[in-house]
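Please look through the sequence and the 3D view below before reading on. The report that follows moves from the pairing of strands to the whole chain, and then to some individual residues.

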Amino acid sequence: NAIVHNGKLDSDVALISKPYRRDELARKIRSMLDAKGRTNAAAASADTPVAADDTPPARRKKVLVVEDDALIRMTTVDMVEEVGLQTVEAADGPAALSALKDDPDIDVLLTDLGLPGMSGRELVEQALLHKPSLKVIIASGNTGSQGTGDFPPHVGFLMKPFTLIHLRQVLES
């Protein structure tokens with residue numbers, strides 16, 4: 001609770017979930033050092049003119065992460081951003097549907113099944129009605145009858161807990 005305020009991690013805090021492997025810790029530290037280096041380089045070159053480039057920057061995919069547990073949501077957002085994708089967050093189904101309606105750039109819905117107010121299954125159904133081209137990934141530890149059955153065949157699945165490698169595989173498939 002000391003580092004989470006209103007469901008958001010303090011801007012000067014980086015989070016890595018336990019248990020973590022040595023390579024995951026090293027990657028997190030490297031990404032933090034790289035980010036600090038980019039910030040320092042940008043500040044140093046702020047007065048240097050840059051040549052105009054007419055090529056529009058490539059748009060990165062945007063992932064809507066829906067998870068009611070704030071720490072799991074923050075960790076998942078961090079992992080998605082480490083893969084190189086943009087993120088939008090929601091803690092429940094209604095907030096996720098609102099984000100989908102407000103942000104046409106969302107390409108991927110990454111959701112838990114157990115959400116307050118609306119199940120993940122209901123969220124997926126309504127989200128696909130709103131945006132049929134949406135890529136959907138279910139992240140769940142539930143393997144029972146409420147698990148992965150009865151979803152369209154193009155829906156991807158991640159079994160919790162998942163690693164960065166698993167997340168990258170399902171996002172790239």
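Which residue in strand 4 is the bridge partner of V66? In this predicted model, the partner of V66 in strand 4 is A90. That bridge can be placed in a wider pattern, since strand 3, which covers residues 62-66, and strand 4 pair in the parallel sense over five bridges.

**The sheet**

Strands 3 and 4 belong to an open sheet of five strands, in which the order is 4-3-5-6-7 and the pairing is parallel. At the edges of this sheet are strand 4 and strand 7, each of which pairs on one side only. Neighbouring strands of the sheet are turned against each other by 20 degrees on average, if direction is ignored. Helix 3 lies across strand 3, strand 4 and strand 5, and runs at about 165 degrees to strand 3.

The table gives the residue ranges of some of the elements named in this report.

| Element | Residues |
|---|---|
| Strand 3 | residues 62-66 |
| Strand 4 | residues 86-90 |
| Strand 5 | residues 106-111 |
| Strand 7 | residues 156-159 |
| Helix 3 | residues 93-102 |
| Helix 5 | residues 164-172 |

**The chain as a whole**

The chain has five helices and seven strands, and from the N terminus on its elements run β-β-α-β-α-β-α-β-α-β-β-α. Of the 173 residues in the chain, 35% are buried. The accessible surface of the chain comes to about 10,700 Å², and carbon and sulfur atoms account for 55% of this surface. If one considers the contacts between residues at least 6 apart in sequence, 64% of them join residues that are at least 24 apart.

**From strand 7 to helix 5**

P161 lies in the loop between strand 7 and helix 5, and the peptide bond that leads from K160 to P161 is cis, with omega near -10 degrees. Is P161 buried or exposed? Because a residue counts as exposed when its relative accessibility is over 50%, P161, at 81%, is exposed. Although P161 and I72 are 89 residues apart in sequence, their C-alpha atoms are 9.7 Å apart in space.

In helix 5, the residues L164, L167, V170 and L171 are buried. Seen down the axis of helix 5, the buried residues fall within an arc of 135 degrees, and therefore they line one face of the helix.

Technical notes:
Residues numbered from 1 in each chain as written. Predicted model: local features only at pLDDT ≥ 70, side-chain atom pairs only at ≥ 80, totals over all residues. Heavy atoms only, no water. Pairing = 2+ DSSP bridges. Helix = DSSP H or I, 4+ residues; strand = E, 2+ residues; numbered from the N terminus. Axes fitted to C-alpha atoms, helices over the stretch in contact; angles between N-to-C directions. Contact = heavy atoms within 4.5 Å. Buried < 20%, exposed > 50% of the residue type's maximum accessible area, 1.4 Å probe, protein only. Arc of directions from axis to C-beta. Areas by Shrake-Rupley, 256 points an atom, 1.4 Å probe, with all protein chains shown as cover.
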